[in-house]
Amino acid sequence: FRQLAPIAQSDARRILERDIFSYLQISTGGREIFYHPWLVMLDEQRRMHPEISEFASKNVYNTLLKDHPSVVQARRAIAQRAPLAGQAMGLIDLSGTYCASAKNSDNSRLNILSAILSFSTALTAEKNGSDSVGIITPYAAQTRLIRAMLKDYNSGKNKTEVACSTVHQFQGSERDVIVFDAVESYPKSAVGYLMGKEPNQVARLINVAITRGKGKVITVANARFWENVFKGTNHIFYKLLQHIKNGKHHVIDNHDK
């Protein structure tokens with residue numbers, strides 16, 4: 001009930017885009033869903049390093065999500081590898097760089113500098129021994145841009161198994177390392193539809209994005225942009241940035257060259 005609902009483009013999309021929880025009027029967006037008499041929550045996870053699941057448990061699952069003891073040892077080696085070695089959560093902060101966000105004719109957003117840094121960060125993770133690396137982003141235009149970079153990289157002597165998809169396409173998948181490219185930035189004064197629509201749907205999007213990573217999740221975002229737009233609110237991605245910063249996780253910014 002905290003995963004993404006289906007996407008449909010047919011005339012019947014009003015029905016097809018409703019998941020079973022909303023169709024049965026279980027999920028109303030409130031926390032009462034966690035104690036609904038029709039539900040038994042699967043509350044133990046065995047995928048993620050506890051530093052990753054901590055955010056999801058606190059901000060998405062009402063602190064009910066628990067870690068199986070095995071995940072600490074099983075994911076430690078991934079967290080220890082570069083980039084941002086030694087921790088399972090990190091932030092590459094694009095504040096102070098010219099990471100302009102634009103949109104294409106389909107109103108899907110893209111950010112060239114953000115794409116380049118996400119691409120290079122994923123390659124660094126792969127070269128440092130991570131078996132599987134994925135780049136995920138909310139917007140199809142950014143996905144196409146990064147996939148073009150991957151295709152160009154693979155056309156030469158270099159080869160990579162890094163995968164890139166939208167959050168919706170990546171639901172149900174997992175990777176040792178996930179790079180989450182948030183895209184949003186100036187000169188836009190507001191976020192796009194996928195990152196700014198109904199709060200419950202945005203929470204599902206961020207939840208799916210963050211929980212794809214088994215041992216490390218690196219977020220690439222312009223933290224200053226999010227601070228200016230969402231400071232003082234409960235927007236879940238802004239809360240994620242604050243969680244990373246206040247939790248003494250690795251943060252790299254423009255001052256680190």
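Here is a short chat about the open sheet in this predicted model.

Colleague: What order do the six strands of the open sheet have?

Modeller: The sheet is open and its strands pair in parallel. On average, neighbours in this sheet are turned by 20° against each other, direction ignored. Reading across, the order is S7-S6-S8-S9-S3-S10.

Colleague: Which strands stand at the edges?

Modeller: Look for strands with a single partner, because one side of each is then left without a neighbour in the sheet. That picks out S7 (163–166) and S10 (250–252).

Colleague: How many bridges join S8 to S9?

Modeller: Start on the other flank of S8, where S6 pairs with S8 in the parallel sense over four bridges, and isoleucine 135 stands opposite valine 179 in S8. Towards S9, aspartate 181 stands opposite valine 220. S8 and S9 run parallel too, and the bridges joining them number six.

Colleague: Is S8 mostly covered or mostly open, and how many of its residues are buried?

Modeller: Two helices lie across S8, among other strands. Helix H6 (residues 140–154) lies across S6, S7 and S8, and helix H9 (residues 199–210) lies across S6, S8 and S9, at about 140° to S8. Taking buried as under 20% relative accessible area, S8 is mostly covered, with buried residues numbering six of its seven.

Colleague: What is the bridge partner of leucine 91 in S9?

Modeller: S3 (residues 89–93) pairs with S9 (residues 213–221) in the parallel sense, over five bridges. In S9, leucine 91 has as its bridge partner threonine 219.

Methods:
Residues are numbered from 1 along each chain as its sequence is written. This is a predicted model: local features need pLDDT of at least 70, side-chain atom pairs count only at pLDDT 80 or more; totals for chains, interfaces and linings use all residues. Side-chain values use heavy atoms; hydrogens and water are left out. Two strands pair if DSSP finds at least two bridges between them. Axes are lines fitted to C-alpha atoms, for helices over the stretch in contact, and angles run from 0 to 180 degrees between N-to-C directions. Contact means heavy atoms within 4.5 Å. Buried means under 20% relative accessible area, exposed over 50%, partly exposed in between (1.4 Å probe, protein chains only).
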